[in-house]
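I opened this notebook to keep track of what I looked up, entry by entry. My plan was to begin with one pair of rings and to work outward from there.

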Amino acid sequence: EKARVEAEEKARIEAEEKARLEAEERARREAEEAAKAEALRGEEEARDAAEESAKAEAEVKARLDEEAAKALRVEVMESMGENPVTTPVGSTISATRASRRSSLRVKDVDRTVEKAEAEEARKFLEESTKKKKTDKKSPSPTKSSAKASSTKASLTKSSAKTAAKKKQSTTKASTTKATSRSSSTRTSVRTSTATRTSSSAKSTTAKSTSTKSIAAKITSVKASASKSTSTRTKRKAASSPDPPAKKLRARSPTPTINILCTGINAAQFKDKVKNIPNAALVDNIRYSKNATHIVVCNKNTEIRRTPKLLIALCSTNAAHFLGSEWLEASASIKSLLPVENYLITNRTYKKRIDEFNTKFGVNVRDVLTSKPGEPLFADTAVAFDKGLAGKRFPPESELKLIVEAGGGKFQKNPGKAGNLMVVTEDNAKITKKVKDGYKKLVAKGGKLTIVGKSEWLNGVTSQEM
């Protein structure tokens with residue numbers, strides 16, 4: 001039987017260890033997936049925000065460039081004396097180019113005339129030099145022929161100069177004519193502009209005003225774009241659902257388990273409990289009412305009725321009354337095991353429960369298996385006779401903790417109260433005079449209860465007076 005029990009225990013521990021490892025692995029994977037999903041969601045939001053911001057900046061920059069080009073065109077046309085509202089851009093550029101071409105044409109003609117005159121002068125000098133040399137060699141009768149040739153050369157020179165001057169004058173005339181045409185065109189434009197001076201001035205002023213207003217609007221649009229981008233990002237972050245691949249549930253933090261040991265040596269478990277995550281050992285009796293798991297015995301020791309046990313029975317926080325084997329097994333694997341197999345109401349601890357019930361004349365099994373109801377001392381003041389505490393009875397400090405755990409008010413001596421419970425010695429003689437004195441302390445409509453100390457302890461144990 002012992003070998004079978006040990007084998008079952010070993011198999012159960014191995015199964016629980018395996019289940020715990022699987023649960024930890026599953027939790028780790030879920031945490032990693034949640035972190036990855038959160039990172040991806042953050043990257044997508046950042047990328048969307050960057051794209052929105054870049055798009056808004058590009059639109060604003062394009063508008064600013066367009067307005068700057070318009071303003072520059074207006075300034076150029078106003079400096080040329082033209083109406084920026086009525087004159088198209090192409091006509092202004094064409095007129096400017098025509099004037100530049102005419103001036104360049106005049107300069108080319110001047111250069112051509114200068115070149116022709118220099119060439120004629122060079123030829124004349126060469127011919128005159130040749131003729132002088134020939135005259136020195138030839139006899140005197142030939143002077144008349146030389147004079148004739150020189151006259152002919154001079155005539156040729158004068159005719160060349162006349163032709164060049166005529167050509168120059170013709171070119172200058174054509175240039176002057178083109179210039180006069182461009183000047184007449186500009187004069188007509190200026191005349192037509194002069195007739196609309198007031199309207200063009202108004203339109204120019206309106207244009208500059210509209211330019212300023214457009215710049216202000218662009219600034220406001222930029223600010224609103226950045227604001228809308230941030231707002232859209234916030235809304236998207238707030239309303240973005242979880243990735244469709246896997247919806248993750250929010251995991252609440254694991255609560256701390258407060259373990260109270262009573263009736264057994266708690267020192268042997270102090271170091272073991274430290275190795276169990278989310279577990280704490282309650283050493284001080286003042287905090288016994290905060291315990292959630294109460295270890296009261298093992299298979300080989302009896303259940304003792306201690307003040308800590310009475311406080312735990314009165315407390316609403318106490319959820320599980322266990323054998324010490326649960327704590328030993330949890331410490332061995334450094335993890336809290338399920339409590340179902342270690343409750344003292346199980347068959348394993350039946351002998352210990354029966355011994356306790358027989359000794360004190362109570363049925364603690366029903367107390368532990370029934371649903372918790374109203375606190376035992378709700379709306380009741382509990383007073384103890386003078387000299388009762390500490391005489392084979394819990395001390396005054398522990399009695400106060402028991403009463404307060406049961407929702408009552410502790411009174412060192414009987415005093416005025418709505419509902420009053422007076423604890424006396426067992427088989428104490430309560431005279432009518434004493435009883436009437438207690439009744440005077442109870443408020444109208446209140447209840448007076450007088451009970452002996454043994455009956456009171458049994459009532460706390462069975463949670464019924």
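Entry 1, an aromatic pair. I looked up F377 and W456 and found that both are buried, where buried means under 20% relative accessible area, exposed means over 50% and partly exposed lies in between, with a 1.4 Å probe and protein chains only. I noted that this is a predicted model, in which local features need pLDDT of at least 70 and side-chain atom pairs count only at pLDDT 80 or more, while totals for chains, interfaces and linings use all residues. Residues are numbered from 1 along each chain as its sequence is written, and side-chain values use heavy atoms, with hydrogens and water left out.

I then searched the whole structure for aromatic pairs and found six; rings of Phe, Tyr and Trp (its six-membered ring) pair if their centres lie within 6.5 Å, and planes under 30 degrees apart count as stacked, over 60 as edge-to-face and the rest as tilted. The ring centres of F377 and W456 are 5.9 Å apart and the planes stand at 15°, so this pair is stacked. The pair links distant parts of the chain, since F377 sits in the loop between α9 (364-369) and β5 (381-384) while W456 belongs to helix α12, 79 residues apart. I also recorded that F377, F384, F393, F410 and W456 form one aromatic cluster.

Entry 2, the whole protein. I counted 12 helices and eight strands, taking helices (H or I, at least four residues) and strands (E, at least two) as DSSP runs numbered from the N terminus. Of the 465 residues, 27% count as buried. Among contacts with a separation of 6 or more, 72% come from residues 24 or more positions apart, a contact being heavy atoms within 4.5 Å.

Entry 3, the cores. Which residues have the most contacts inside the largest nonpolar core? They are I259, F321, W326, L327, F384 and W456, in a core of 61 residues; a nonpolar core is a set of buried Ala, Val, Leu, Ile, Met, Phe, Trp, Tyr and Cys residues joined through side-chain atoms within 4.5 Å. Helix α6 (residues 307-314) gives the most to this core, with six residues. A second, separate core has seven residues, including A381, A417, L420 and Y438.

I followed L327 further and found that, leaving aside residues up to four places away in sequence, L327 touches I259, C261, F269, V273, I276 and V295. Helix α7 (residues 324-333) is mostly covered, with eight of its 10 residues buried, among them E325, W326, L327 and I333. Just after α7, K334 takes a positive phi of about 55°.

Entry 4, two helices that meet. I checked α6 against α12 and found that their axes come within 8 Å and cross at roughly 50°, the axes being lines fitted to C-alpha atoms over the stretch in contact, with angles from 0 to 180 degrees between N-to-C directions. That makes α6 oblique to α12, because angles under 35 degrees count as roughly parallel, over 145 as roughly antiparallel, 65 to 115 as roughly perpendicular and the rest as oblique. The contact is made by L310, L313 and C314 of α6 with L457, V460 and T461 of α12. In α12 I listed K453, W456, L457, G459, V460 and T461 as buried.

Entry 5, positive phi and a loop residue. Q463 lies in the segment after α12 (453-462), has a phi near 55° although it is not a glycine, and is partly exposed at a relative accessible area of 25%. N278, in the loop between α5 (267-274) and β2 (279-282), is likewise not a glycine and has a positive phi of about 60°; N278 is partly exposed, at 37%.

Last, I looked up R304, which lies in the loop between β3 (293-297) and α6 and counts as partly exposed at 48% relative accessibility. What does R304 touch, not counting residues up to four places away in sequence? R304 touches G263, L309 and F356, and the C-alpha atoms of R304 and G263 are separated by 5.3 Å although the two residues are 41 residues apart along the chain.
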